[in-house]
Amino acid sequence: MELATPHAPADASAQASRGWIRVENLSVRFTSRHEEVLAVDDASIEVKPGEFVTIIGPSGCGKSTLLNVVAGFIKGNDGCVTVDGVPVDGPSIQRGVVFQQYSLFPWLSVRQNVEFGLKMKGMRRFARESSARTLLGLAGLLAFENHYPDQLSGGMKQRVGIVRALATSPQVLLMDEPFGALDAQTRVVMQEILTNMWQRFRLSVLFITHDIDEAIFLSDRIYVMTARPGRIKAEIKVDLPRPRTAEMTSSPAFATLVQQLRQLIREESLAAMGTELHDGALGGFATEVGPGGVCNIVNG
Ligand SMILES: Nc1ncnc2c1ncn2[C@@H]1O[C@H](COP(=O)(O)OP(=O)(O)OP(=O)(O)O)[C@@H](O)[C@H]1O
Ligand SMILES: [Mg+2]
């Protein structure tokens with residue numbers, strides 16, 4: 001049976017030796033008519049084969065820009081981005097991408113969405129149906145193969161998105177806040193499904209999130225970016241055993257990592273949001289509003 005390669009256990013070690021992402025001294029500038037924005041400044045990161053690496057940082061610091069360069073959607077101005085030593089010069093099915101917004105084709109059924117990339121690769125109908133059904137089964141979605149995206153919950157849509165990205169046997173999976181739109185409970189379940197699938201497929205994942213707990217739960221290593229222009233401020237190794245379990249999130253080791261990351265990110269978030277917070281919103285805690293409410297302040 002012509003299944004997509006990562007499903008075959010014999011391929012697992014070969015797969016694990018591929019997918020080495022290297023970003024070296026990357027800078028990205030956006031130029032509009034009025035201004036030039038330095039979005040990423042001299043950033044270097046690495047995702048080793050089979051590793052799960054997360055980038056975290058304040059809003060607007062350049063995380064998506066960096067990921068989009070690795071995806072091949074945009075080009076950097078300086079520096080070098082390679083996957084397995086080959087410079088990235090455009091999108092490739094070797095690099096699966098999952099975004100926060102569900103990017104399923106609404107006119108295709110769940111299975112047809114998953115089959116899409118396989119069809120583009122020229123896989124025959126029976127083989128691609130079979131591959132799609134195997135993958136949907138792994139994600140607990142087989143019962144929904146003939147549903148359409150608008151009949152699915154957000155969590156299900158995102159699971160289909162992940163399955164679709166995995167269907168073409170990519171070497172790397174690039175995920176830009178894939179669970180950002182989901183409620184907290186669904187998010188936790190999705191994290192477990194993702195780690196489960198990542199362990200089976202042994203691919204390299206570059207993941208972006210704002211959520212510190214999510215970053216720790218999922219990752220082998222975490223890069224913290226500075227406020228814009230985004231530089232790499234810190235690299236944190238997550239030495240928790242695999243497979244990760246929900247109980248680990250209440251362990252002292254987990255709490256220490258949370259504290260460390262919270263401190264690093266808070267400094268950058270304040271920098272990103274500018275001095276108005278010091279002067280206004282945060283300083284405002286010193287102002288007593290009192291039981292009369294805001295009228296007391298307005299009327300003196
Ligand atoms: N196509 C573009 N043209 C001009 N400026 C852009 C473009 N894309 C991004 N930027 C700017 O580059 C900076 C980095 O944006 P980016 O989307 O990478 O940030 P981010 O870290 O992903 O933010 P968020 O956490 O809010 O998603 C921002 O200031 C943004 O306004
Ligand atoms: Mg972003």
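**View 1. Who sits around Leu206 in this predicted model.** Skip the neighbours within four places in sequence, and Leu206 is in contact with Ile21, Val47, Val53, Leu67, Val70, Val172 and Leu174. Two of those partners, Val70 and Leu174, turn up again in the next view.

**View 2. The largest nonpolar core.** Here we step back to a core of 71 residues. Leu206 is on the list of residues with the most contacts inside this core, along with Leu66, Val70, Val163, Leu174, Val205 and Leu261. Which helix gives the core its largest share? That would be α5, with 7 residues.

**View 3. Helix α5, mostly under cover.** Buried or exposed, how do the residues of α5 come out? Of its 14 residues, 12 are buried. The buried ones include Val160, Ile162, Val163 and Leu166, but also Lys157, Gln158, Arg159 and Arg164. As for what does the covering, look for strands β6 and β7, plus the helices α3 (110-120), α4 (125-138) and α6 (184-201), among the elements packed over those buried residues.

**View 4. A quick ruler check on α5.** How far should this helix reach? At 1.5 Å a residue, its 14 residues should span 20 Å, and the end C-alpha atoms are indeed 20 Å apart, so the two agree. Just past the end of α5, have a look at Ser169, which takes a positive phi of about 55°.

**View 5. An open sheet of 6 strands.** Reading across, the strands come in the order β6-β7-β8-β3-β9-β10, and the pairing is mixed. At the edges you'll find β6 (95-98) and β10 (232-237), each of which pairs on one side only. From one strand to the next, the twist averages 15°. Helix α5 (residues 154-167) packs on this sheet, where it touches β6 and β7 (172-176). The direction of α5 makes about 170° with that of β6.

**View 6. Zooming in on β9 and β10.** A bit of background: strands of a sheet pair through backbone hydrogen bonds, either parallel or antiparallel. Which way do β9 and β10 run? They're antiparallel, and 5 bridges join β9 (residues 221-225) to β10. To spot one facing pair, find Ile222, which stands opposite Ile236 in β10.

**View 7. The surroundings of ligand 1.** There are 13 residues around ligand 1, and Phe30, Ala39, Ser59, Ser64 and Thr65 come nearest. Strand β2 (36-47) and helix α2 (63-71) each chip in at least two residues of this shell. The largest share, 3 residues, comes from α2.

How values were computed:
Residues are numbered from 1 along each chain as its sequence is written. Chains are lettered from A and ligands numbered from 1 in the order in which they are written. This is a predicted model: local features need pLDDT of at least 70, side-chain atom pairs count only at pLDDT 80 or more; totals for chains, interfaces and linings use all residues. Two strands pair if DSSP finds at least two bridges between them. Helices (H or I, at least four residues) and strands (E, at least two) are DSSP runs, numbered from the N terminus. Axes are lines fitted to C-alpha atoms, for helices over the stretch in contact, and angles run from 0 to 180 degrees between N-to-C directions. Two residues are in contact if their C-beta atoms, placed from the backbone, lie within 7 Å. A nonpolar core is a set of buried Ala, Val, Leu, Ile, Met, Phe, Trp, Tyr and Cys residues joined through C-beta atoms within 7 Å. A residue is buried if 20 or more other C-beta atoms lie within 10 Å of its own, exposed if 12 or fewer, and partly exposed in between; C-beta atoms are placed from the backbone. The expected span of a helix is 1.5 Å times one less than its number of residues. A residue is near a molecule or strand if its C-beta atom, placed from the backbone, lies within 6 Å of it.
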